[in-house]
Every structure is written in structure tokens, then in C-alpha cells.
Amino acid sequence: MSASPGGVLVTLDGPAGVGKTTTARLLREYLGRRGYPVHTTTQPSHGVLGKTARHHTDSYHGYALACLVAADRYHHLETDVRPHLEAGHIVVCDRYVASSYVLQRMDGVPLPFVEAINAAADRPDLAVILQAPPAVTAARVAARGAHNRFHTGECTSRQENDLYEDTATRLAAGGYPVLAVQTGDRSPTGVADYLTARIADLVEGHGPEVVTA
Ligand SMILES: Nc1ncnc2c1ncn2[C@@H]1O[C@H](COP(=O)(O)OP(=O)(O)O)[C@@H](O)[C@H]1O
Ligand SMILES: Cc1cn([C@H]2C[C@H](O)[C@@H](COP(=O)(O)OP(=O)(O)O)O2)c(=O)[nH]c1=O
């Protein structure tokens, strides 16, 4: 199913350190400055299921973490994302289904299982996949500090990068409006400027022009 009429759902996914959180913060500012009502949010959510997923990745692994994250996703859609879309807001969500296609696979869960448990999640109006060379994301994570067991070293960054490329192709083939954006050679404000223009086009009914990775 596509996201609700009225608002626009924009999701941001990509490897640790690629700039998802930075971009979400700037999009809120830039789109807000243009007068658009914006709601920024994140998955895992700040609800009980989401907090459990985010803060207990050492306790929950594999299928259990996959199901926990998916359960949080459906609850978050119902209680946060859809109400904002119905109110006509631009919803910018830091991590969504693409993250599960990557992180759950890194955690040993077969892709068909991940696809099945996420199959009923709303389709975004724009699914942004941020990309940068693995050496760049690994260096950014090292400078910022790792937050969990998924953020450890260039080897992980390379695996994550490859899985995001695969995921972007798969989701685009499945009808997701995927937009791949490089952040390795662009400043945070450059990334946000570009995406603000693309999202404004979408809201005004001019987009999206889908670009697959
Ligand atoms: N386009 C960019 N160029 C250079 N540094 C960036 C860029 N985007 C983000 N950063 C920096 O990289 C680090 C990780 O960014 P963050 O937004 O937390 O990534 P993520 O949410 O994808 O893990 C932060 O220190 C941030 O300031
Ligand atoms: C969205 C998502 C998160 N997670 C888990 C793994 C991460 O360790 C955790 C939080 O993600 P992350 O955004 O990397 O944390 P932070 O905001 O602290 O940088 O949630 C999944 O396993 N699958 C998913 O689809």
C-alpha cells in the first residue's frame, strides 16, 4: 500500500555514518523554512518496542530482533506516521524498511523472512538511500563513536554498503520510488539542499523522478 493521501512519506536509509540523522535534522529546518509542515521521526521509534530494539541489540539477535523491529514499525506507522500523513504533513523517517533488508541480513536472517514480515509496511512516497564509500562511513563512525554492535569497522561498512546497493535495486524493482544520493563528496547542507528541492517537487506534484542505485 502507498502512504496515505495528503502528506508525503520520505524515508532515509543507508549505512551507519552516511548522514541520515544529520540530513533529517536539516530537512526539517529547510522544508520548514519553505513553509511546509514537517514531522521528523525515527525507527526504531521512541515507544517501548522501539526503545527495546534500539538499546538492547546485544540481547536480541536474528529473528527475534527482526520481529521486534517489524512490530515497532507497524505500531509506529499506526500511532505516529499515518496520523501525521493524514494531517497533510511531510513525514521524514530516519531508517525504514531498507534498514531491515540490510541489518537483519547482516544478523543472519534470510531475506525472504525479512521481506515477508515487512510486506505490509506502507510504501514511502520517496525512499532515499544515502550512500558513501565504506572508508568514508567507517571514518565518520570512528570519529563519532559506535552506538551498537552493527557499527564496527570498515569491514562492516563495506558489507553494509554492498547490502544497501542490493536493497536499493530490489526495492526499486518492487515499485519503491528509490532515490540514491551520494554523501561522500557532498556537504551536509549540499545533501539537504538537493533533497529539499526533490521533496518540494514531490509535494507540488512534479515528482518523483526515480533514480536507482
Ligand atoms: N555529507 C556529510 N559530509 C561530511 N560529514 C558528514 C556528512 N553527513 C554527516 N556527516 C557527519 O558524519 C557523522 C555521522 O552522521 P550521522 O548523521 O550521525 O549519520 P547516521 O545517522 O547515518 O549514522 C556525524 O559526525 C556528521 O556530522
Ligand atoms: C531500523 C532498524 C533498526 N535496527 C536496529 C539496529 C540498530 O542497532 C538499532 C538502532 O539503529 P541506529 O539508527 O544505527 O542507532 P543510532 O541512532 O543510535 O545510531 O536498531 C534493526 O535491526 N533493523 C532496522 O530495520
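Trainee: Which element gives the most to the shell around ligand 1, and with how many residues?

Mentor: In this predicted model, α1 gives the most to that shell, contributing three residues. Two helices, α1 (20–33) and α6 (134–144), each supply at least two residues of the shell around ligand 1.

Trainee: Which residues come nearest to ligand 1, and what makes a residue count as near?

Mentor: There are 14 residues around ligand 1, and those that come nearest are Lys20, Thr21, Thr22, Arg144 and Arg186. The criterion is a heavy atom within 4 Å of the molecule, so each of the 14 residues around ligand 1 has a heavy atom within that cut-off.

Trainee: Why is the pair formed by Thr21 and ligand 1 called a polar contact?

Mentor: A polar side-chain atom of Thr21 lies 2.8 Å from an oxygen atom of ligand 1, and the cut-off for such a pair of N or O atoms is 3.5 Å, so the pair qualifies. The side chain of Arg140 has an N or O atom 3.2 Å from a nitrogen atom of ligand 1, and this pair is also within 3.5 Å and is therefore counted. For Val18 the partner is a polar backbone atom, 3.4 Å from an oxygen atom of ligand 1, and since that value is within 3.5 Å as well, the pair is accepted. With the protein in place, 73% of the 560 Å² of accessible area that ligand 1 has on its own is covered.

Trainee: How is the shell around ligand 1 made up by class?

Mentor: The shell has four nonpolar, six polar and four charged residues. Among the residues that come nearest to ligand 1 are Lys20 and Arg144, and Lys and Arg count as charged, so these two belong to the charged class.

Trainee: Which residues come nearest to ligand 2?

Mentor: Arg54, Arg95, Ser100, Gln104 and Asn148 come nearest, out of 16 residues around ligand 2. By class, the shell divides into five nonpolar, eight polar and three charged residues.

Trainee: How do you know that Arg54, Arg73 and His147 make polar contacts with ligand 2?

Mentor: Each has a polar side-chain atom facing the cut-off of 3.5 Å: for Arg54 the distance to an oxygen atom of ligand 2 is 2.8 Å, for Arg73 it is 3.1 Å, and for His147 it is 2.8 Å. These values are within 3.5 Å, so the three pairs count as polar contacts. The protein covers 90% of the 550 Å² of accessible area that ligand 2 has on its own. Two or more residues of the shell around ligand 2 come from each of α3 (62–86) and α4 (97–106), with α4 giving the most, namely four residues.

Trainee: What makes Arg95 notable in its backbone, and where is Arg95 found?

Mentor: Phi of Arg95 is near 80°, a positive value in a residue other than glycine, and Arg95 is found in the loop between β3 (90–94) and α4. Arg95 is also one of the residues that come nearest to ligand 2.

Trainee: Which kind of peptide bond joins Gln43 and Pro44?

Mentor: The bond is cis, with omega about -5°, and Pro44 is found in the loop between β2 (38–42) and α2 (48–55).

Trainee: Which residues does the UniProt domain annotation cover?

Mentor: The unreviewed UniProt entry annotates residues 12–150 as "domain: Thymidylate kinase-like". In the model that span is 55% helix and 13% strand, and its end C-alpha atoms lie 17 Å apart.

Technical notes: Residues are numbered from 1 along each chain as its sequence is written. Chains are lettered from A and ligands numbered from 1 in the order in which they are written. This is a predicted model: local features need pLDDT of at least 70, side-chain atom pairs count only at pLDDT 80 or more; totals for chains, interfaces and linings use all residues. Side-chain values use heavy atoms; hydrogens and water are left out. A polar contact is a pair of N or O atoms within 3.5 Å; within protein, one must be able to donate a hydrogen and the other to accept it, and residues adjacent in sequence count only if both atoms are side-chain atoms. Accessible areas come from the Shrake-Rupley method with a 1.4 Å probe; for residues, only the protein chains shown count as cover. UniProt positions are given in the numbering used here, feature names are shortened, and annotations may be inferred rather than shown by experiment.
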